[in-house]
Amino acid sequence: MLTTLDRSRPAPLAYSPAIAAETAPLYARVARVVPQIEWPVHAPYIAEINRLKREMNAVILAHNYQTPEIFNCVADVVGDSLTLAREGAKTTAGTIVMAGVHFMAETAKILSPEKTVLIPDARAGCSLAESITAADIRLLRQRYPGVPIVAYVNTSADVKAEVDICCTSANAVEIVESLGVPEVICLPDEYLAQYVATKTKVKIITWHGHCEVHERFTGEEIRRLREGQDNLIVLAHPECPQDVLAEADYVGSTAGMSDYVGIHHPKRVVLITECSMSDNVAVQYPEVEFLRPCNLCPHMKRITLPKILAALQTRTTEVLVDPDIALRARRSVERMLAVGRR
Ligand code: SF4
């Protein structure tokens, strides 16, 4: 059989006994969720990325939805998008590589304007962030004059610059109530806004954005998962539809779900969210059995070890935010952080 070499792709890095020895402790950490057969492919990239980031004074921020070999083996800071941006701002490193999607890299740049922020694949978008624009916000202001607008951090810098305050899935109820008004627009995630509405007396006006990963779960799927599994604990993200949340034992943010496992140590658990999150929490809690109904985020999965290495080597793609937009967007994020400090 004839095969044609694809010369546009760099040859994979070679696995050697020295790299095997150097990366053995990292493999021990992820052995539960990364098959042994994959390690010779990942290990040379992990070794080279870790060498290069030290040489360049760079840090890698990795979201919970990144694959275990990225999350556990090359990241310096891990967590949800806000944790990444806040911790990224505290580092003394001059370069941040965002192993996440574009709005996360923008948020990191907004909070660290003096740093170089790189994203390994500039096409890593988000269905939720793309569901609304700054022009939509201006139209909402005309339609609902005087009603404050709360934007989930899963939005572009342009949108953050137009709204009154940001929120995360962990603090959305607190942020809405902090405004002290009877009516609030909460966007862009319709399901998160509906969930907030069940937890407050404030009237919530919603937008029609959805996360393409969480919206695919159904209540019927959860009921099927529970069949024959009396002790299964179901944790669900509030970006899921209401019939899913109604079936869950606990509803919470990515950090909230991880904390729940750490505090309660359930015998058997399922996380109704992006599937790499489950793998990454499983690494921390080997005594817990995780069921894995797998919905992947195609945007998050654009980030790979070879692309992280290329981003460091070529210092691309740099994420830039217009300084005026960055200033206004930063105010919305800082107002949210100030509520947390009250
Ligand atoms: S999981 Fe959903 S909200 Fe997160 S990046 Fe993917 S599409 Fe966006």
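Into which domains is the protein divided?

1. This is a predicted model. The protein is divided into domain 1 (17–124 + 300–314), domain 2 (129–208) and domain 3 (214–291). Domain 1 is thus written as two stretches of the chain, 17–124 and 300–314.

2. Between domain 1 and domain 2, the C-alpha centres are 31 Å apart. To their contact, domain 1 contributes 6 residues and domain 2 contributes 8 residues. About 540 Å² is buried between domain 1 and domain 2, and carbon and sulfur atoms account for 69% of that area. On the domain 1 side, 64% of the area buried against domain 2 comes from Leu 82, Phe 103 and Glu 106, more than from any other three residues.

3. As to polar links, 0 salt bridges are found across the interface of domain 1 and domain 2, while 2 residue pairs are in polar contact there, both residues at pLDDT 80 or more. On the side of domain 1 that touches domain 2, helix H4 (81–90) and helix H5 (102–111) each provide at least two residues. H5 gives the most, with 4 residues. By type, the residues of this side are 3 nonpolar, 2 polar and 1 charged.

4. Helix H9 (residues 190–199) has Tyr 191, Leu 192, Ala 193, Tyr 195 and Val 196 buried. An α-helix has 3.6 residues a turn, so residues three or four places apart point the same way. The partners of the buried H9 residues are strand E5 (149–152), helix H8 (172–178), strand E7 (183–187), strand E8 (203–206), helix H11 (242–247) and strand E10 (250–251).

5. The start of H9 has a side-chain to backbone approach: a side-chain oxygen of Asp 189 comes within 2.9 Å of the backbone nitrogen of Tyr 191. The peptide bond from Leu 187 to Pro 188 is cis, with omega near 0°. Pro 188 sits in the loop between E7 and H9.

6. A cis peptide bond also joins Thr 316 and Thr 317, with omega about -10°. Thr 317 belongs to the loop between helix H14 (305–314) and helix H15 (323–341). Neither residue of this bond is a proline.

7. Asn 57 is not a glycine, yet its phi is positive, about 55°. Asn 57 lies in the loop between helix H2 (39–56) and strand E1 (58–63), and is partly exposed, with a relative accessible area of 42%.

8. His 265 likewise has a positive phi, near 40°, in a residue other than glycine. His 265 is placed in the loop between helix H12 (254–264) and strand E11 (268–272). With 41% relative accessibility, His 265 counts as partly exposed.

Terms used. Residues numbered from 1 in each chain as written. Predicted model: local features only at pLDDT ≥ 70, side-chain atom pairs only at ≥ 80, totals over all residues. Heavy atoms only, no water. Domains from an automatic or database assignment. Contact = heavy atoms within 4.5 Å. Buried area = accessible area lost by both parts, 1.4 Å probe. Salt bridge = Lys/Arg side-chain N within 4 Å of Asp/Glu carboxyl O. Polar contact = N/O pair within 3.5 Å; in protein donor to acceptor, adjacent residues only side chain to side chain. Nonpolar A, V, L, I, M, F, W, Y, C, P; charged D, E, K, R; others polar. Buried < 20%, exposed > 50% of the residue type's maximum accessible area, 1.4 Å probe, protein only.
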